[in-house]
Amino acid sequence: MGYLLAFPVFIVLTMAQIGIVSQFHLLHGTGDLVMIALVAWVLQERGRDASAWIWAVVAGLLVSFVSATPMFVPLIGYLVLTVIVRILRRHVWQTPLLAMFLATMLGTILIQFMYFMVLQLTGTPLPWQESLSLVMLPSVLLNLILVLPVYVVMTDLAHLVYPLEEEA
Amino acid sequence: MKTTFPRLWQTVVLLVVVGGVLLLALSGYLAPVFRVALHPFIAVQGWLSSRYQALHEFLTVPRDVALLRQRNVELENQVSQLQTQVIQLQQQLREAQILYALLDFARARPENVYVAAAVIGRDPNPFIQYIIIDKGSDDGIRHGMPVVTEQGLVGRVDAVTAGASRIQLIVDANSAVNVSIQSTQTNALLAGSLTGDINLQEIPQDVVIQPGALVLTSGLGGDYPADVLVGQVVTVRKADTDLFQTASVQPAVDFTALKAVLVVKNFKPVDIVPLIPTPSH
């Protein structure tokens, strides 16, 4: 169930991302709804299955498909982020909300840094200081604003999914 | 006879008195008398009427309030429906205005074949400036086709699926457009940036550029058709130590409010990469 749910959830979230969230800018940064949802799901994962990997792959493939970012960076970034969040979950397991904020902040910086590096490598002239102050930090702030609503929705979703699996 | 005369006189006197009173009343001489005489009756009548009104309201108002409340709810519903309709109509009007402007632009250039498309999204990566439109290869759109609005150049098609396309905007940091400054007929390179500003590069030092000069596509390189408006020069930066001068350009298109665009279908971009000489080993 958890595996299959990744497809409709991320299709909807990717549509919301490119249609709504990417239109809202703070300086030049934007929120990353897909990444936050992925982080929230990885934190909700109960350890019985490994649906988080499937979720990361689906999210990464969808964002790589719609974005002009080269070399499947979103896919690689989301997989790396899943590893980090799983490690984080083991250490901050008693306070999932704190882990959520921490993982979102780290994840945003990680993925934006990967975007920045790959674009630099492919010849796009991006000044480092402007990228940090106008894109990365505002994006972190926007993502932290989105954390709570996304976390609540994903928690409800996880509670809907996992009891069904227990009965089965 | 004795009894009839006095009665007759009584009647005559009575008629004369009544007639006199009537005449006095009609001529207005008795108004003060009437006013004094009627005042107590009017006061009593007023009191009686007000008490009746109060009693009537007491008995009937609760039902009226219920009716009024119901009517109020109905009217509020009607108002909200009408407000929704107004918003929808305003939205349609805005869309129609955009489409009319695009249509006027397309009619003014009959040599080009356009496909109108709505902007349905933006790239999730904030470092790059791409939009997604709702027309793809099914509508004849191919990679590299230029995209414009009635205001000027937007960018070019970067990727195509059957039903949608991704457009690289000219403000993207990786975008480069060969342009010509209209007033001096000088060729230059227009480059985007991270912040969405566009700058003219590689302008020879001896050229004098005034702020406000129009910037058009030159057609060099084969990526874009010639003479499409790009923007206006805002400031010129010239340093004696540099090989070239640069200038910042105000884009003609408002990229933050793009709703619909036109893809130039009959323009085929030329790939000049094979013609660029490479150092032989």
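Two strands are said to pair if DSSP finds at least two bridges between them. With that rule in hand, this report walks through a predicted model, beginning with the sheet of chain B and then turning to chain A, to the contact between the chains and to the domains of chain B.

**The barrel in chain B**

In chain B, six strands form a closed barrel in the order β6-β7-β8-β11-β10-β9, and their pairing is antiparallel. On average, and with direction ignored, neighbouring strands of this sheet are turned by 40 degrees against each other. As a general point, strands of a sheet pair through backbone hydrogen bonds, either parallel or antiparallel.

Three of the pairings in chain B can be set side by side.

| Strand pair | Sense | Bridges |
|---|---|---|
| β7(B) and β8(B) | antiparallel | three bridges |
| β8(B) and β11(B) | antiparallel | five bridges |
| β10(B) and β11(B) | antiparallel | six bridges |

Strand β7 of chain B covers residues 186–191, and strand β8 of chain B covers residues 198–204. Within this pair, B:Ala191 has B:Asn199 of β8(B) as its bridge partner. On the way to the next strand, B:Asn199 also stands opposite B:Ser248, which belongs to β11(B). Strand β10, residues 229–237 of chain B, pairs with β11(B) as well, and here B:Gly231 finds its bridge partner in B:Pro251. β10(B) and β11(B) form a hairpin, with six residues lying between the two strands.

Which residues make up the covered face of strand β11 of chain B, and which the uncovered one? The covered face of this strand, residues 244–251, consists of B:Gln245, B:Ala247, B:Val249 and B:Pro251, while B:Phe244, B:Thr246, B:Ser248 and B:Gln250 form the uncovered face. B:Ser248, the residue opposite B:Asn199, is therefore on the uncovered face, whereas B:Pro251, the bridge partner of B:Gly231, is on the covered one.

**Chain A**

Chain A is built from six helices and has zero strands, so that its elements, read from the N terminus on, run α-α-α-α-α-α. Its C-alpha atoms fill a box of roughly 55 × 30 × 25 Å, taken along the principal axes. Because a compact globule of 168 residues would have a radius of gyration near 15 Å, the 16 Å of chain A agrees with that expectation. Of the 168 residues in chain A, 42% are buried. If one takes the contacts in chain A between residues at least 6 apart in sequence, 72% of them join residues at least 24 apart.

**Where the two chains touch**

How many residues does each chain give to the contact? Chain A gives 26 residues and chain B gives 18 residues. On the side of chain A that touches chain B, the elements giving two or more residues are α1 (2–19), α3 (51–66), α5 (96–121) and α6 (128–167) of chain A. The largest share of this side, five residues, comes from α6(A). Sorted by class, the side of chain A that touches chain B has 12 nonpolar, 12 polar and two charged residues.

**The domains of chain B**

The domain assignment divides chain B into domain 1 (1–108) and domain 2 (114–268). The centres of domain 1 and domain 2 of chain B, taken over C-alpha atoms, are separated by 70 Å. There is nevertheless a contact between them, to which domain 1 of chain B gives seven residues and domain 2 of chain B gives seven residues. On the side of domain 1 of chain B that touches domain 2 of chain B, the residues divide into six nonpolar, no polar and one charged.

Technical notes. Residues numbered from 1 in each chain as written. Chains lettered and ligands numbered in written order. Predicted model: local features only at pLDDT ≥ 70, side-chain atom pairs only at ≥ 80, totals over all residues. Helix = DSSP H or I, 4+ residues; strand = E, 2+ residues; numbered from the N terminus. Rg over C-alpha atoms; globule rule 2.2 N^0.38 Å. Buried ≥ 20, exposed ≤ 12 C-beta atoms within 10 Å, placed from the backbone. Contact = placed C-beta atoms within 7 Å. Axes fitted to C-alpha atoms, helices over the stretch in contact; angles between N-to-C directions. Nonpolar A, V, L, I, M, F, W, Y, C, P; charged D, E, K, R; others polar. Domains from an automatic or database assignment.
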